[in-house]
Amino acid sequence: MKPDLFTAPDYYNIDDLLNEEHKMVREATRSWVKKELSPIIEDAAQKAEFPKDLLNGLAEIGAFGPYIPADYGGAGLDQISYGLMMQEIERGDSGIRSTASVQSSLVMYPIFAYGSEEQKKKLLPKLASGEMIGCFGLTEPDFGSNPGGMLTNFKDKGDHYLLNGAKLWISNAPFADIAIVWAKNEEGRIHGLIVERGMEGFSTPETHNKWSLRASATGELIFNDVKIPKKNLLPNKNGLGAPLGCLDSARYGIAWGVIGAAMDCYDTALRYAKERIQFGKPIAVKQLQQKKLSEMITEITKAQLLAWRLGTLKNEGKATSAQISMAKRNNVDMALKIARESRQILGAMGITGEYSIMRHMMNLESVVTYEGTHDIHLLITGLDITGHSAF
Amino acid sequence: MKILVCISHVPDTTSKINFTEGDSKFDTNGVQFVINPNDEFGLTRAMWFKEKQGASVDIINVGGPETEPTLRKALAIGADTAIRINTIPTDGFQVAKELAKVAGEGNYDLIICGRESIDYNGGMVPGLLAGMLKANFINTCIGLEVEGVKATAIREIDGGKETLTASLPLVIGGQKGIVEESDLKIPNMRGIMQARKKPLNVVEPSGAEAATKAVKFEKPAPKGDVKLIDPENLDQLIDLLHNEAKVI
């Protein structure tokens with residue numbers, strides 16, 4: 001792996017829209033990525049191993065629950081700071097960003113937003129410090145884009161609940177200490193339950209042979225008559241809107257995160273185009289390469305503005321789910337296209353682990369699918385503007 | 001122990017350097033500013049004294065409001081209080097004099113400066129400051145321990161090291177070695193949030209005047225194009241070295 005020479009593009013002086021705190025958060029995260037993540041990530045991805053040593057570092061810089069209030073162990077940052085952190089971590093690798101996203105938006109957020117005071121006080125500080133790692137179980141083998149059809153269910157047994165079912169494609173599952181699991185009660189209403197590793201009947205087999213997010217651990221959650229103490233139910237929200245609220249937060253982080261992956265591909269391709277000599281000149285002088293690079297910086301700039309505006313709306317509590325869908329869909333698609341075009345600029349070198357591009361490209365194939373597929377997000381926009389559901 | 005760390009706000013080492021006003025003034029347009037690296041090594045050592053020996057750490061800078069992000073970063077790394085002397089730094093005499101006034105009133109046991117700032121590389125401030133405060137002074141420190149009122153410092157000297165002891169109050173000029181690059185702290189999110197609430201006191205200058213004036217800056221001559229000469233054509237190489245480069 002080449003040394004990390006990344007310099008971030010800022011074609012429209014978007015830094016002028018950020019405050020000093022935002023810039024400090026971004027620089028700190030970028031420094032951490034260069035120092036701790038970049039040197040080891042290629043090897044981890046090649047070996048398909050989750051680099052567990054990064055968990056302490058992610059916790060130390062504050063990537064777990066950055067917007068959770070300090071009283072519960074978070075940093076109490078705003079949404080733009082959270083977005084910028086995700087951008088910088090995903091600039092390193094989407095898999096590591098996924099770990100941070102899941103912990104922050106899919107585990108800490110539901111406990112913070114829907115949990116009891118006791119659950120918050122007990123779990124959030126441990127999740128923020130990385131002492132405890134969590135995962136989120138919504139998707140099932142037969143229910144992906146249609147989570148409301150889930151089969152996982154729990155029955156009230158008086159002093160406890162009895163949980164049965166299975167969840168699939170769960171980031172962090174193989175090593176998570178707790179899982180936030182969405183399941184239906186006897187009336188068919190969806191509730192969130194905190195399932196702890198070690199509970200009898202609960203297992204988390206790992207999903208092997210992925211060509212994407214290879215530096216992130218993915219697995220299943222299997223519940224076979226698992227007895228859940230009643231105090232482990234998240235009391236303050238139920239129905240499909242509860243897990244979808246978590247996904248809003250995670251999708252928002254993705255809309256920022258993928259800008260980082262795109263910037264890394266663009267930066268690598270631009271540098272390569274200036275250095276690579278063919279026909280006696282750098283390939284950067286060729287019109288076809290300039291077209292690719294110019295379109296890339298245009299798309300990155302548009303994505304940055306979309307993310308910044310969405311962050312501003314989110315800080316004001318005004319961002320809608322449909323607005324988040326638009327940004328997630330647009331920005332992931334933008335990043336994936338830039339990864340593919342950058343790979344072409346690097347020619348054969350682009351397929352090697354010497355450069356980050358192919359790893360980003362393969363990672364983004366997951367990102368374009370998880371947390372709402374590319375197509376589903378379009379239908380959310382369609383529903384929002386026409387009033388008609390096309391699901 | 002009461003520590004004061006002097007922080008210079010300097011251009012990042014990767015910045016493109018240009019001058020304005022007839023090459024007499026540095027052009028700050030588009031330049032990223034950072035904590036002077038020699039100061040950051042010293043600040044990191046100060047954080048060690050804070051953690052291990054319960055020292056308090058104040059930071060100080062002479063500069064306009066544009067230097068505050070650099071001070072906030074030092075607060076995010078862990079310093080307790082920041083002081084900004086509200087005037088534009090023009091030369092080492094003026095900066096040292098302004099610093100000496102505030103530092104003298106603060107009764108600090110240890111004042112840590114960088115050996116020099118990486119912008120103008122004057123290297124005068126730590127020595128002048130010690131002189132003005134009538135404090136002991138050790139420059140180019142690559143190691144520093146303090147026990148009670150006694151400091152032990154290691155200095156880099158030509159081809160070796162020198163170990164010195166001195167009593168507090170002491171001013172040092174620090175550099176890489178006082179801590180290593182791997183010891184430098186990246187501010188974490190909690191630190192950044194806490195920095196927002198830490199005091200950053202703006203002090204009006206005492207009016208110290210500069211003793212020198214910058215008349216002109218010059219950049220090194222731009223590098224010429226590379227000429228590639230075929231290994232078979234040594235006569236051409238000798239001709240160019242002799243007649244064009246005039247080195248043989």
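Which residue takes a positive phi just after helix 10 of chain A? In this predicted model, in which local features need pLDDT of at least 70, side-chain atom pairs count only at pLDDT 80 or more and totals for chains, interfaces and linings use all residues, that residue is G387(A), with a phi of about 80 degrees. Residues are numbered from 1 along each chain as its sequence is written, chains are lettered from A in the order in which they are written, and side-chain values use heavy atoms, with hydrogens and water left out.

Helices are DSSP runs of H or I with at least four residues, and strands are runs of E with at least two, numbered from the N terminus. Helix 10 of chain A comprises 13 residues (374-386), which at 1.5 Å a residue, taken over one less than the number of residues, should span 18 Å, and the 19 Å between its end C-alpha atoms agrees with this. Its buried residues (buried meaning under 20% relative accessible area, exposed over 50%, with a 1.4 Å probe and protein chains only) are I376(A), H377(A), I380(A) and T381(A). Seen down the helix axis, these buried residues fall within an arc of 150 degrees, judged by the directions from the axis to the C-beta atoms, so they line one face of helix 10. The face turned away from the buried side carries the exposed residues D375(A) and I385(A), while the cover over the buried residues includes helix 6 and helix 8 (321-345) of chain A.

The largest nonpolar core, a set of buried Ala, Val, Leu, Ile, Met, Phe, Trp, Tyr and Cys residues joined through side-chain atoms within 4.5 Å, has 140 residues, of which W182(A), L43(B) and I59(B) touch the most other members. Helix 6 (residues 241-275) of chain A gives the most to this core, with 18 residues. Apart from it lies another core, of 20 residues, including L4(B) and L99(B). Beyond its neighbours within four places in sequence, L43(B) is in contact (heavy atoms within 4.5 Å) with residues that include V5(B), I35(B), I59(B) and I77(B).

An unreviewed UniProt entry, whose annotations may be inferred rather than shown by experiment, lists residues 135-226 of chain A as "domain: Acyl-CoA oxidase/dehydrogenase middle"; this span is 0% helix and 48% strand, and its end C-alpha atoms lie 17 Å apart. K167(A), placed in strand 3 (residues 160-171) of chain A, is buried, with a relative accessible area of 0%. Residues touched by K167(A), other than those up to four places away in sequence, include W182(A), E220(A) and F223(A). The side chains of K167(A) and E140(A) are joined by a polar contact of 2.9 Å, a term for a pair of N or O atoms within 3.5 Å, one able to donate a hydrogen and the other to accept it.
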